[in-house]
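Q: Zoom in on the strand pairing for me, and then show me what surrounds it. Give me the cut-offs as you go, please.

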Amino acid sequence: MRPRQHSTESPAVQDGSFPHDYLDLPVAAAMVLREAGYSAAATESGDDFKEKLNIAASALARLLTVYSVDEVSLARTPIAPDPAAGRFIEGAAAFRHEAGYMLRSLRVRRSELASARSLIRRIGIPFVTPDATQRGSG
């Protein structure tokens, strides 16, 4: 008897999409930092880089939908992180609301990220200065 074959494809969740249709927000934030012409300097502290990821996540949240994912059910809930009501923390891994609660397991849709990256490539991210070596490349 042959062993049972397991599918390598993840099951569809909630809206018919698959988990791989989404990207962790810290990864997406790092991608848009790169699009904006920023790369981490060897002398930069981890805390400084995490703060830049937080800023990039705030920029992304203005351009596309951010989802909080329940790790057990994989249910995704769209959130609207209002910069006046809280902030991204831990390198865009969480959003702390001023009311005291935190949202974790933040994701964005890959399909929405492409247009956001294109826009950020053109206009940059406020408060994050591109590296001189990255200007004009692309």
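A: Ground rules first: two strands pair if DSSP finds at least two bridges between them, and the elements themselves are DSSP runs, numbered from the N terminus, with helices being H or I over at least four residues and strands E over at least two. This is a predicted model, so local features need pLDDT of at least 70 and side-chain atom pairs count only at pLDDT 80 or more, while totals for chains, interfaces and linings use all residues. Residues are numbered from 1 along each chain as its sequence is written, and side-chain values use heavy atoms, with hydrogens and water left out.

Now the layout. The chain has three helices and seven strands, and from the N terminus on they come in the order β-α-α-β-β-β-β-β-β-α.

Start with the hairpin of S2 and S3, which leaves six residues between the strands. In its turn, leucine 74 has a positive phi of about 65°. S2 and strand S3 (residues 76-79) are antiparallel partners, joined over four bridges. In one of these pairings, valine 69 has arginine 76 of S3 as its bridge partner.

Next comes the hairpin of S4 and S5, with four residues between the strands. Here glutamate 90 takes a positive phi near 55°. S4 and strand S5 (residues 94-97) pair over four bridges, again in the antiparallel sense. Histidine 97 in S5 is the bridge partner of glycine 86.

That second hairpin sits within an open sheet, where three strands line up as S4-S5-S6 with antiparallel pairing. S4 and strand S6 (102-104) are the edges, each pairing on one side only. From one strand to the next the twist averages 20°, with axes being lines fitted to C-alpha atoms (for helices over the stretch in contact) and angles running from 0 to 180 degrees between N-to-C directions. S5 and S6 are linked over three antiparallel bridges, and alanine 94 finds its bridge partner in arginine 104 of S6.

So what packs around the strands? Helix H2 is a good place to look. Its buried residues are Leu53, Asn54, Ala56, Ala57, Ala59, Leu60 and Ala61, where buried means under 20% relative accessible area, exposed over 50% and partly exposed in between (1.4 Å probe, protein chains only). They pack against strand S2 (66-69) and strand S4 (86-89), as well as helix H1 (25-35) and helix H3 (110-123), with contact meaning heavy atoms within 4.5 Å.

Aspartate 47 also belongs to H2, but this residue counts as exposed because its relative accessibility is 61%. Aspartate 47 and glycine 91 are 44 residues apart in sequence, yet their C-alpha atoms are 8.2 Å apart in space.

The other two helices meet each other as well: H1 and H3 pack at about 35°, with their axes 8 Å apart. H1 brings Ala28, Met31, Val32 and Glu35 to that contact, and H3 brings Leu113, Arg117, Ile120 and Arg121.

Zooming back out, 35% of the 138 residues in the chain count as buried. As for sequence range, take the contacts between residues at least 6 apart: 64% of them join residues at least 24 apart.
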